[in-house]
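This report walks through one protein model, moving from its sheets to a helix and then to its aromatic rings. Please keep the structure in view while reading, and look up each residue as it is named.

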Amino acid sequence: MQRGGRTGPHRDGWGVVFYEGKGYRLFRDAMPSSESELAGLLRELPIKSCTVISHSRKATSGKITLENTHPFVRELWGRSWCFAHNGTLKGVRRRSLDFYRPIGTTDSEHAFCWLMNALRSRFARPPRPTTFWRQVYSLARELDTLGSFNFLLSDGRYLGAYCSTHLSWLTRCAPFGAAELIDDELRVDFATVTQPTDVVTVVATRPLTRNEIWTTMAPGSMTVFADGRPWLSLGS
């Protein structure tokens with residue numbers, strides 16, 4: 001919440017999606033998250049999810065409106081795919097679209113629709129996961145030539161993180177310790193809110209805590225996570 005307008009410049013809307021099986025709960029607001037009553041409400045709700053994607057927007061393309069806030073969601077092969085992008089892609093709107101069309105006016109949503117169209121055209125049915133994510137990586141590399149294309153993509157089972165300029169991640173597992181947030185006077189002892197078998201990976205543009213060791217991804221690389229752990233690395 002604090003990065004959205006208080007400790008950072010990303011005050012042009014925010015959104016978060018919580019996957020629950022094949023379903024999802026999506027919350028979005030064009031207000032800065034640091035000032036949003038909806039964001040405050042979510043702090044109090046005990047939503048449990050195995051895959052969560054959150055985004056705080058700094059507008060570089062498209063007006064500050066609800067339809068232009070991330071994450072964006074589209075259906076493919078009976079799954080809901082969620083996408084959130086950090087960066088700017090010049091000229092991406094010159095790429096033609098077919099089945100999937102944007103609702104808003106951002107370069108991010110256009111890129112997402114182009115990506116989904118390419119995948120739908122390439123595969124008539126769901127391919128093997130490794131084949132799918134290698135194709136996503138190839139398409140991401142193509143769009144990355146247009147600017148900066150840091151993004152997260154998930155259907156609730158896998159989470160793909162592509163690094164164009166900046167992305168970092170860490171994995172927490174037993175024995176759990178305490179984490180201290182950089183942006184807020186908050187310290188969380190994960191030993192009190194986890195089970196010994198839990199495994200949790202957090203991916204962010206920049207490290208979120210000051211007392212943990214984060215892995216910095218190389219530009220042009222992609223890591224796919226499954227069941228809380230790194231599952232496939234591409235281009236690193």
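## What buried means here

A residue is called buried when its relative accessible area is under 20%, exposed when that value is over 50%, and partly exposed in between. The model is a predicted one, and the word buried will be used for it throughout the sections below.

## Helix H3 and its neighbours

Which residues of helix H3 are buried? They are Phe132, Trp133, Gln135, Val136, Tyr137, Leu139, Ala140, Leu143 and Asp144. The helix that carries them has 16 residues, and from its first C-alpha to its last it reaches 22 Å, close to the 22 Å expected at 1.5 Å a residue.

The buried residues of H3 pack against several other elements, namely S5, helix H2 (107-122), strand S6 (150-154), S7, strand S13 (221-226) and strand S14 (229-234). Of these neighbours, helix H2 also holds Asn117, which counts as buried because its relative accessible area is 10%. Leaving aside residues up to four places away in sequence, Asn117 touches Leu97, Asp98, Phe99 and Tyr100.

## Strand S7 and its partners

Strand S7 deserves a careful look, since six of its six residues are buried, so the strand is largely enclosed by the rest of the structure. Both of its faces are covered: Tyr158, Gly160 and Tyr162 are buried on one side, while Leu159, Ala161 and Cys163 are buried on the other.

Strands of a sheet pair through backbone hydrogen bonds, and they may do so in a parallel or an antiparallel way. S6 and S7 run antiparallel and are joined by four bridges, and within this pairing Gly160 in S7 is the bridge partner of Leu153. The hairpin of S6 and S7 has three residues between the strands, and in it Gly156 takes a positive phi near 95°. S7 is also joined to S13, by six bridges, and these two strands run antiparallel as well; here Cys163 stands opposite Ser221 in S13.

## Two open sheets of three strands

One open sheet is formed by three strands in the order S2-S1-S3, with antiparallel pairing. Its edge strands, each of which pairs on one side only, are S2 (23-29) and S3 (52-56), and the twist from one strand to the next averages 5°. Strand S1, residues 14-20, is joined to S2 by seven bridges, and Trp14 stands opposite Asp29 in S2.

Another open sheet of three strands has the order S11-S8-S12, and its pairing is antiparallel too. At its edges are strand S11 (199-204) and strand S12 (215-216), each pairing on one side only. Six bridges join S11 to strand S8, which covers residues 168-173, and the bridge partner of Leu170 in S11 is Val202.

## Aromatic rings

How many aromatic pairs does a search of the whole structure find? The search finds 17. A pair of aromatic rings is described by two values, the distance of the centres and the angle of the planes. For Trp81 and Phe132 these are 4.9 Å centre to centre and 35° between the planes, and the pair is tilted. Trp81 belongs to strand S5 (residues 79-86) and Phe132 to helix H3 (residues 129-144), so their pairing ties together parts that are 51 residues apart in sequence. Both rings belong to buried residues, with a relative accessibility of 4% for Trp81 and of 5% for Phe132.

A further tilted pair is formed by Tyr137 and Tyr162, at 6.1 Å centre to centre with 55° between the planes. This pair links distant parts of the chain, as Tyr137 is in helix H3 and Tyr162 in strand S7 (residues 158-163), 25 residues apart. Tyr137 is buried because its relative accessible area is 16%, and Tyr162 counts as buried at 0%. These two tyrosines also belong to a cluster linked by ring pairs, together with Phe83, Phe112, Phe149 and Phe151.

## Charges over rings

Aromatic rings also meet charged side chains in this model, as two arginines show. Arg95 lies over the face of Trp114, at 4.9 Å from the ring centre. The charged end of Arg120 sits over the ring of Phe99, 3.6 Å from its centre, and Phe99 is one of the residues that Asn117 touches.

Conventions: Residues numbered from 1 in each chain as written. Predicted model: local features only at pLDDT ≥ 70, side-chain atom pairs only at ≥ 80, totals over all residues. Heavy atoms only, no water. Pairing = 2+ DSSP bridges. Axes fitted to C-alpha atoms, helices over the stretch in contact; angles between N-to-C directions. Phe/Tyr/Trp six-rings, centres within 6.5 Å; stacked < 30°, edge-to-face > 60°. Buried < 20%, exposed > 50% of the residue type's maximum accessible area, 1.4 Å probe, protein only. Lys NZ or Arg CZ within 6 Å of the ring centre and 35° of its normal. Expected span 1.5 Å × (residues − 1). Contact = heavy atoms within 4.5 Å.
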